[in-house]
Every structure is written in structure tokens, then in C-alpha cells.
Amino acid sequence: MPANTTQIFVLKGNTKQARIEAANTASDGSGTLVTLVTAGAAGARVDGVRFRNSQVTAGITAALVHRIFLTDTVVAPHSYRLIGEVATATATRSITAIGATSIFTFDQPIIMLSGQIMAVTQSSYATAADQFDACAFAGDY
């Protein structure tokens with residue numbers, strides 16, 4: 001007999017944006033990471049992450065890799081594990097052209113435990129033109 005016969009839906013969104021303003025070439029969870037989602041008291045679901053260029057002035061964005069990490073524990077000290085990455089092509093943002101955007105969609109939703117943390121980083125940050133904002137498609141249970 002199944003233990004859970006009632007569907008579970010998210011109760012509220014958990015879509016705070018995170019600004020990435022530094023480079024981190026490591027893919028082992030070390031270095032500077034930016035917190036994107038902290039799961040609520042009953043856990044959270046994340047379906048994907050969007051990375052959008054958010055530079056203030058016109059400029060050329062470098063080609064780079066955005067990485068997504070998840071903690072393997074819910075209490076400090078946290079160890080971060082790589083769970084996804086997406087390449088972002090170079091683009092020139094201006095008042096008439098959009099900047100670079102990449103979306104990473106998980107093939108299966110990430111179900112986070114209460115207190116678990118999802119963090120992001122990018123491989124390059126040469127100038128302010130490489131500033132990106134990340135937004136998770138997420139909700140708390």
C-alpha cells in the first residue's frame with residue numbers, strides 16, 4: 001500500500017534573484033558561491049535556473065559557464081556539489097539589443113530538504129559587462 005496518496009504542490013514561490021559579480025573557475029564547490037535558494041521549513045522544489053546579463057552600460061559579455069551547486073548537508077559546514085552547468089555565449093548588450101541569457105532546466109525537479117542551499121557561480125568576470133543575475137524557478141512546500 002502506498003505511503004503517500006496525496007499529491008504535493010508548492011505552497012509559495014521561492015524566486016529571489018541573486019547577482020553574480022565575481023568569477024569562480026572551480027567546479028568542485030570551492031571558491032565564491034552566491035546563494036540562490038534556501039529551502040523553507042518543509043523543503044523546496046526547483047525546476048530550473050535562468051541566467052540573464054544585467055550590466056548597467058552597453059558592452060560585450062565574455063563567453064562563460066554558469067554553474068549550479070547544491071549542499072549535501074542541511075547544517076554547516078556545507079559541502080557543495082555540482083548539479084548543473086550551462087554555457088553562455090558572448091553578446092553585446094545595448095539599448096537596442098538584449099544581453100546574453102541562458103536557462104538550465106533540470107530533467108527532473110530538484111527536491112530540496114529543509115535548510116538545503118542552492119548556489120550559483122560563473123567562470124569569468126573580466127568587466128562589469130559580465131555581471132549576471134540568476135533566478136530560480138522554485139517554490140517552498
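In this predicted model, the largest nonpolar core holds 25 residues. Five of them touch the most other members: Val46, Val49, Phe51, Met112 and Met118. Several strands supply this core. Strand 2, strand 3, strand 4, strand 6 (64–71), strand 9 (101–112), strand 10 and strand 11 (132–140) each give two or more residues to the core. A second core is separate from the largest one and has five residues. Among them are Leu33, Phe69, Tyr80 and Ile117.

Valine 46 shows what such contacts look like from one position. Residues up to four places away in sequence are not counted here. Valine 46 then touches Val37, Phe106, Pro109, Ile110, Met112, Met118, Ala136, Phe137 and Ala138. Met112 and Met118 appear in this list, and both also belong to the group that touches the most other core members.

Leucine 33, from the second core, lies in the loop between strand 2 and strand 3. Setting aside residues up to four places away in sequence, leucine 33 touches Asn24, Phe69, Tyr80, Ala119, Val120 and Thr121. Phe69 and Tyr80 are members of the second core as well. Leucine 33 and glutamine 131 are 98 residues apart in sequence. Their C-alpha atoms are 14 Å apart in space.

The protein as a whole is built from strands. Its secondary structure comes to eleven strands and zero helices. Read from the N terminus, the elements run β-β-β-β-β-β-β-β-β-β-β. The C-alpha atoms fill a box of roughly 60 × 35 × 20 Å along the principal axes. Of the 141 residues, 43% are buried. Contacts with a separation of 6 or more were also sorted by distance along the chain. Residues 24 or more positions apart account for 78% of them.

Four of the strands form an open sheet. Their order is 3-10-6-7, and the pairing is antiparallel. Strand 3 (34–38) and strand 7 (80–88) each have a single partner strand, so one side of each is left without a neighbour in the sheet. These two strands therefore stand at the edges. From one strand to the next, the twist averages 25°. Strand 3 is joined to strand 10 (residues 117–122) by four bridges, and the two run antiparallel. Valine 34 stands opposite valine 120 of strand 10. Valine 120 is also among the residues that leucine 33 touches.

The structure holds one aromatic pair. Phenylalanine 104 and phenylalanine 106 form this pair. Their ring centres are 5.1 Å apart, and the planes meet at 70°. The pair counts as edge-to-face because this class takes planes over 60 degrees apart. Both partners are buried. Phenylalanine 104 has a relative accessible area of 17%, and phenylalanine 106 has one of 9%. Each value falls under the 20% limit, so each residue counts as buried. Phenylalanine 106 is also one of the residues that valine 46 touches.

Two residues in the loop between strand 4 (44–53) and strand 5 (59–61) were examined: serine 54 and threonine 57. Serine 54 is buried, with a relative accessible area of 14%. Threonine 57, in contrast, is exposed at 56% relative accessibility. The side chain of serine 54 makes a polar contact of 3.4 Å with the side chain of aspartate 133. Apart from neighbours within four places in sequence, serine 54 is in contact with Arg19, Arg93, Gln131, Phe132 and Asp133. Threonine 57 and isoleucine 117 are 60 residues apart along the chain. Their C-alpha atoms are separated by 32 Å. Isoleucine 117 is a member of the second core.

Glutamine 17 is found in strand 2 (residues 17–20). It is exposed, with a relative accessible area of 57%. Leaving aside neighbours within four places in sequence, glutamine 17 is in contact with Asp133, Ala134 and Cys135. Asp133 thus has contacts with both glutamine 17 and serine 54. Glutamine 17 and glutamine 131 are 114 residues apart along the chain, and their C-alpha atoms are separated by 13 Å.

Terms used
Residues are numbered from 1 along each chain as its sequence is written. This is a predicted model: local features need pLDDT of at least 70, side-chain atom pairs count only at pLDDT 80 or more; totals for chains, interfaces and linings use all residues. Side-chain values use heavy atoms; hydrogens and water are left out. Rings of Phe, Tyr and Trp (its six-membered ring) pair if their centres lie within 6.5 Å; planes under 30 degrees apart count as stacked, over 60 as edge-to-face and the rest as tilted. Buried means under 20% relative accessible area, exposed over 50%, partly exposed in between (1.4 Å probe, protein chains only). Two strands pair if DSSP finds at least two bridges between them. Axes are lines fitted to C-alpha atoms, for helices over the stretch in contact, and angles run from 0 to 180 degrees between N-to-C directions. Contact means heavy atoms within 4.5 Å. A polar contact is a pair of N or O atoms within 3.5 Å; within protein, one must be able to donate a hydrogen and the other to accept it, and residues adjacent in sequence count only if both atoms are side-chain atoms. A nonpolar core is a set of buried Ala, Val, Leu, Ile, Met, Phe, Trp, Tyr and Cys residues joined through side-chain atoms within 4.5 Å.
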